[in-house]
Amino acid sequence: MEDILLRDIKFLPSVGPKRAELLKLELKISTFGDLLMHLPARYIDRSSVYTIDSVRRVEMPYVQIRARVVATQILGQGHKQRYVVQVMDSTGVADLIWFRNVAWVQKRLELQREYIFFGKPSLFNGEVQMVHPEFEMPGVAGSASAMGVQGVYRTTEKLSNNMLGSRAISGLVRTLWGKVEGQIRETLPPHIIRERGLLSREEALKQVHFPSTPEMLNRALYRLKFEELFGIQLLLLLQKKVRIDKSEGFVMSRVGERFNKFYEELMPFPLTGAQKRVIKEVRQDMFTGHQMNRLLQGDVGSGKTIIALLCALIVADNGYQSAIMAPTEILANQHYESICGLCEPLGVSVALWTGSTRKKERARLSEGLMSGEIDILIGTHALIEQGVQFANLGFVVIDEQHRFGVMQRAKLWTKNQTPPHVLVMTATPIPRTLAMTLYGDLDVSLLDELPPGRKPIKTIHSYENYRLRVVGFMREQIAAGRQVYVVYPMIKESEKLDIASLEEGAVALAEHFPPPAYCSVVVHGKMKQALKDYGMDVFKRGEAQILISTTVIEVGVNVPNATVMVIENAERFGLSQLHQLRGRVGRGGDQSYCILMSGNKISSDSRKRLEAMVATTDGFELAELDLQLRGAGDIDGTRQSGQALEVKIANLAKDTQIIADARETAQGVLEADPYLSLAENAMLLATVQRIERQREAVVDIELAKIS
Ligand code: ADP
Ligand code: MG
């Protein structure tokens, strides 16, 4: 019965083999079912008519207005020629502009007549404009404007050229619907449909393609998004349950000599309350006999490194090895140095493994790892890629997870081994609902307290014309013995974009800060590793006062004496990136500053971002705002994770309420039926298994890529 959805798309009337091939290539539509799930990318609302004044106030992608033509004019010459039609309703005037088909429009639009215009409004000098609007006489039966809410389908240039534009696709879906109506199987059990007041799957699919009203469209989208997110939440909660109930984990029962010695004699500072709490949570996890899978969220500078180290010491005291992985070599080196320094008197053996570790050295390290002589291995993901083997790996720390790829942690141990405990550390504050979906199978710890004595960083937004003042300020700070970061969005000058580049900037800075009185170093992602390390070292040792770089320093770099972070073209960065960059300063006892440089003309979203940066240093607040401003998938890692999670209909960033609803329902279901063994939940079990298979496939693909 459902088989019809598996039928090859070429058998749909008016498709045929050639267009079927194109649909497959361009949109991955191979079957009837694929076409059915090719939902409109957006909708246009032709059920309501807006007044010109309201268009000015509300941001709408496409609207229709009903207005009278009051003046027409041809402006410009040659290919710049355009036809401008001024129209008016009772609330205001708007300019409608055509660059093409001018004669055709001229013939059809009469002065003083009223029309319905449909298009994408924009504001130009405070005036409403529409370029190339569609238009028609009001009140014509069967006309477009009587059609209400319409779906617009994603298509491609190639498809459009082969008579498969949005409208044609809509036509195909209509044909398809005629064949499949009445045969769409329900996928949610009746008790959930009742509880949540959901549309049936069939009704929902019909309404997303052919909405009868905006309200029905919303209900239909809710139903489909809910279903999708609910399946994921069920899977995540089940996985967590299975891990907690069934997985075996090493029992780290001792708090031994080395941990105690370090804690009592070598700690460079007392732990904050939050740090103590997290250590306790980790110790509890490691004691249960089940594998720990914990996410540690702590803002930049909250002191995550020492937690990794303390945990690794507990692990070493219990006779197991630890691996600490950082996303970049700079960071791995930094961790290596600081941890070696701290551990020196303890007799703990620490080693470093990165992409630039030489073959000979690798052989030596491999030996030390296999003999169990090395206690703590610090490295980059080269550690995974090169399949490093341990004698008894008991604990893995993944620092700055979002840089790592969600699935890579799976490759750290082989299937038949007892899995090591895993601590994922991230400085990216992830809004709660998002964390639920991205990391739903992890337990979460929060480091919500900064070490004492930090002065909040002062953030200033400065425009280009105040540059000399900024330079003056940098000089003052350098004269006081401090150091300065200057970060650029790109390395080379670009012809297309008016963006400051690192290369240009370095030249200009050299004029303001001439050697030998000043010393600056340049570090960027395209440089050889050895050069990068050298530059970082010079800066860390305080021999250079200025570090000029791209965002390679975004994550984790720690130079407490640096007090000024200048971010060029700050409007080009996202909020979470700006926040990360700002976190590079304010790490010592001195007052620190973050200066956001921007051009004079910036978009309203950019302005909001920069204002938010000035207003707050709270990473979670900024993350929530980022989510609202940028929406879908632009938060680091969400797009990738959305794909890995097979989220196609819902939007992880925007559908936060639906995520919460889905999670609540999933929790309820699992409370009543922990392993989905009841008959009424059979279809849910099938769904979960299907998603799990898909996710495993994604894991395999990702792993195939890195191995
Ligand atoms: P992040 O969480 O960003 O990784 P780090 O671990 O790099 O933070 O710590 C930032 C700085 O704060 C380091 O210089 C570290 O030595 C210091 N630090 C960490 N914990 C404390 C504490 N409890 N008291 C004082 N300083 C601390
Ligand atoms: Mg860190």
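Reader: Which residue has a polar backbone atom 2.9 Å from a nitrogen atom of ligand 1?

Author: This is a predicted model, in which local features need pLDDT of at least 70 and side-chain atom pairs count only at pLDDT 80 or more, while totals for chains, interfaces and linings use all residues. Residues are numbered from 1 along each chain as its sequence is written, chains are lettered from A and ligands numbered from 1 in written order, and side-chain values use heavy atoms, without hydrogens and water. A polar contact is a pair of N or O atoms within 3.5 Å; within protein, one must be able to donate a hydrogen and the other to accept it, and residues adjacent in sequence count only if both atoms are side-chain atoms. The backbone partner of this ligand nitrogen, at 2.9 Å, belongs to Pro 270.

Reader: What percentage of the accessible area of ligand 1 does the protein cover?

Author: Oxygen atoms of ligand 1 also have polar partners: a backbone atom of Ser 302 at 3.4 Å and a side-chain atom of Asn 558 at 3.1 Å. On its own, ligand 1 has 570 Å² of accessible area (Shrake-Rupley method, 1.4 Å probe; for residues, only the protein chains shown count as cover). The part covered by the protein is 84%.

Reader: How many residues of the shell around ligand 1 are charged?

Author: The shell has 16 residues, and the closest are Gln 275, Gly 301, Lys 304, Thr 305 and Arg 454; a residue is near if one of its heavy atoms lies within 4 Å. Asp, Glu, Lys and Arg count as charged; Ala, Val, Leu, Ile, Met, Phe, Trp, Tyr, Cys and Pro as nonpolar; and the others, Gly among them, as polar. Five shell residues are nonpolar and seven polar, and the number charged is four.

Reader: Which strands form the edges of the parallel open sheet?

Author: Helices (H or I, at least four residues) and strands (E, at least two) are DSSP runs numbered from the N terminus, and two strands pair if DSSP finds at least two bridges between them. The seven strands are ordered E12-E13-E11-E14-E15-E10-E16. Pairing on one side only applies to E12 (350–353) and E16 (443–447).

Reader: What angle does the direction of helix H12 make with that of E14?

Author: Within this sheet, E11 (321–325) and E14 (393–399) pair over five bridges, with Ala 323 opposite Val 396. Helix H12 (305–317) packs on the sheet and touches several strands, among them E10, E11 and E14; contact means heavy atoms within 4.5 Å. Axes are lines fitted to C-alpha atoms, for helices over the stretch in contact, and angles run from 0 to 180 degrees between N-to-C directions. The angle with E14 is about 175 degrees.

Reader: At roughly what angle do the axes of H10 and H12 cross?

Author: Residues of H10 in the contact include Phe 259 and Phe 262, and those of H12 include Leu 309 and Leu 313. By class, the contact has nine nonpolar, no polar and three charged residues. The axes of H10 (257–266) and H12 come within 7 Å and cross at roughly 145 degrees.

Reader: Which residue stands opposite Phe 117?

Author: A mixed open sheet has the order E6-E7-E4-E3-E2-E5-E8. Its edge strands, E6 (121–124) and E8 (134–136), each have a single partner, so one side of each lacks a neighbour in the sheet. E5 (114–119) pairs with E8 in the antiparallel sense over three bridges. Opposite Phe 117, in E8, stands Phe 135.

Reader: What is the omega of the peptide bond from Pro 515 to Pro 516?

Author: Pro 516 is in the loop between helix H18 (502–512) and strand E19 (520–523). The bond from Pro 515 is cis, and its omega is near 5 degrees.
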